There are 2 protein chains.
Amino acid sequence: MLEHKNHTLADQVFERLESDILSGKYARGEILVEMEICQDLGVSRTPVREALRRLQQEHLVEEHGKGLKVLGVTHEDLEDIMELRLRLEGYAAARAAERITDEQLKELKETLDLQEFYLTKHDSDHIKGMDSKFHELVYKFSDSVVIYDTLLPLHKKVQRYRKRSVENDSRAAHSVEEHRVIYEALAARDPKAAEAAILNHTQNAKKHIMKG
Amino acid sequence: MLEHKNHTLADQVFERLESDILSGKYARGEILVEMEICQDLGVSRTPVREALRRLQQEHLVEEHGKGLKVLGVTHEDLEDIMELRLRLEGYAAARAAERITDEQLKELKETLDLQEFYLTKHDSDHIKGMDSKFHELVYKFSDSVVIYDTLLPLHKKVQRYRKRSVENDSRAAHSVEEHRVIYEALAARDPKAAEAAILNHTQNAKKHIMKG
DNA sequence: GATAGTATAATTGTATACAATAATAAGAGT
DNA sequence: ACTCTTATTATTGTATACAATTATACTATC
């Protein structure tokens with residue numbers, strides 16, 4: 001197995017499989033068989049099964065007689081996801097503007113600065129990483145587990161489609177600029193501005209993502 | 001163990017625990033220990049563990065050294081849930097209006113009629129059941145797994161707080177009337193009307209639920 | 001050659017055994 | 001009596017063994 005950040009094997013297996021499904025490494029329709037995963041990762045069936053049950057709960061896989069069928073995220077799913085995000089991101093950002101602390105603001109700024117740095121290096125993998133982190137932080141700083149649990153999974157599921165956007169230099173640059181506007185609104189503790197900024201960002205993101 | 005609708009023991013354990021947490025049978029902060037559940041339900045640890053991992057994935061419980069702490073749904077969670085629903089239900093209903101089939105419409109009407117029947121009998125448990133089914137059907141008929149997976153968990157989590165609403169005769173009657181308006185809009189395949197009707201219903205539901 | 005029925009093998013579902021870890025209790029020293 | 005250390009116990013994490021189910025392959029019959 002790979003990394004050891006998350007203690008249990010079951011957690012590691014889950015993250016590995018989730019990532020491989022969301023990145024498209026496992027194709028839609030592919031059948032996952034417990035023992036194959038066990039052999040690939042060198043663990044027993046117990047942690048693999050627990051990971052699979054969690055993936056099932058997230059509708060990333062579904063039962064299929066023998067094995068589990070990979071569902072992944074279709075282009076139609078993507079459209080729905082972006083429609084939901086258009087309706088929710090503003091609320092999350094407005095709440096974050098009302099509640100964000102100075103330390104949290106600092107963490108957000110560091111993420112933003114890093115994203116700008118990677119932009120100058122044309123390092124799209126890290127740009128994408130910082131992009132995801134920025135949004136995850138906004139969800140977190142909205143200080144609502146409901147918002148976090150609802151929006152983070154939606155955001156994660158866009159991952160595979162976001163790749164193209166981020167590899168487009170011009171879009172990546174605009175995206176970082178939009179993040180900065182969001183950050184400024186949060187720093188000013190201005191809920192309305194934050195809502196408007198993130199709505200604009202989400203609309204642009206939708207446009208570019210759906211084109212692909 | 002109880003019923004046998006869902007084949008595997010793991011599924012049954014999950015539904016039982018989820019229901020007991022959402023209904024408040026397990027108090028917030030309570031510690032769940034695997035073996036106790038095993039003894040209560042007469043099954044081994046394997047299905048119990050799989051159920052617990054799924055509950056964790058839904059943030060209904062969280063790690064706590066020994067055992068899992070029951071999180072349940074707080075009054076603050078409830079406010080967030082209703083805010084998110086206010087922003088999403090309209091989209092779900094509008095989509096359903098565009099896509100609902102005649103059979104689906106019939107199923108929805110049967111649910112609505114049953115709810116009215118139980119209303120005359122003052123059978124609040126069944127009223128609640130039909131209320132939940134009505135909304136679940138709307139999510140389903142929106143024909144988007146993203147909508148379904150996002151809204152159904154939010155709706156489920158209101159369960160415990162909806163009880164009071166439904167036991168209030170006047171509110172229960174108004175709620176059924178609002179359902180009827182939603183149904184009529186769907187039957188007319190009128191997305192805008194459906195959106196307006198469900199928004200109105202959700203606003204009223206929020207008012208009454210938050211009072212409690 | 002097609003089809004139904006049966007045997008075989010592969011896969012999942014469940015229980016249990018073992019290992020590792022963390023909490024609690026007991027005991028020694030001050 | 002208090003605190004630190006150590007032993008014990010309880011609980012979770014992981015692997016494996018067994019049971020039940022379901023798909024696949026084979027054979028017999030038409």
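Which base atom of DNA strand C lies 2.5 Å from a polar side-chain atom of Thr46(B)? The partner is a base nitrogen of strand C. This pair counts as a polar contact, meaning a pair of N or O atoms within 3.5 Å; within protein, one must be able to donate a hydrogen and the other to accept it, and residues adjacent in sequence count only if both atoms are side-chain atoms.

This is a predicted model, in which local features need pLDDT of at least 70 and side-chain atom pairs count only at pLDDT 80 or more, while totals for chains, interfaces and linings use all residues. Residues are numbered from 1 along each chain as its sequence is written, chains are lettered from A and ligands numbered from 1 in the order in which they are written, and side-chain values use heavy atoms, with hydrogens and water left out.

Stay with DNA strand C. There are 18 residues around this strand, and Arg45(A), Arg49(A), Leu9(B), Ser44(B) and Thr46(B) come nearest. A residue is near a strand if one of its heavy atoms lies within 4 Å of it. Of the strand C atoms that come within 4 Å of the protein, sugar and phosphate account for 52%. Backbone atoms of the protein take part here. A polar backbone atom of Ser44(B) lies 2.8 Å from a phosphate oxygen of strand C. For Gly67(A), a polar backbone atom lies 3.4 Å from a phosphate oxygen of strand C. The elements that give two or more residues to this surface are α3 of chain A, together with α1 (9-22) and α3 of chain B. Helices are DSSP runs (H or I, at least four residues), numbered from the N terminus. By class, the surface has six nonpolar, five polar and seven charged residues. Here Ala, Val, Leu, Ile, Met, Phe, Trp, Tyr, Cys and Pro count as nonpolar, Asp, Glu, Lys and Arg as charged, and the others, Gly among them, as polar.

Now turn to DNA strand D. Of the 18 residues around strand D, Leu9(A), Ser44(A), Thr46(A), Lys66(A) and Arg45(B) come nearest. Sugar and phosphate make up 53% of the strand D atoms that come within 4 Å of the protein. Lys66(A) reaches a base: a side-chain N or O atom lies 2.8 Å from a base oxygen of strand D. Arg49(B) meets the phosphate instead, with a polar side-chain atom 3.0 Å from a phosphate oxygen. Gly67(B) places a polar backbone atom 3.4 Å from a phosphate oxygen of strand D.

Next, look within chain A. This chain is divided into domain 1 (9-70) and domain 2 (75-211), with bounds from an automatic or database domain assignment. Their C-alpha centres lie 28 Å apart. Seven residues of domain 1 are in contact with four residues of domain 2, where contact means heavy atoms within 4.5 Å. One salt bridge is counted between the two domains. In a salt bridge, a side-chain nitrogen of Lys or Arg lies within 4 Å of a carboxyl oxygen of Asp or Glu. Glu18(A) and Lys156(A) meet in such a bridge, at 3.3 Å from N to O.

Finally, consider the links between chains. Side chains of opposite charge can pair when their charged atoms come close. The structure holds 42 salt bridges over all chains. One of them pairs Asp80(A) with Arg95(B), the closest N and O atoms being 2.5 Å apart. Asp80(A) lies in helix α4 (residues 75-99) of chain A and Arg95(B) in helix α4 (residues 75-99) of chain B, so this pair joins two chains.
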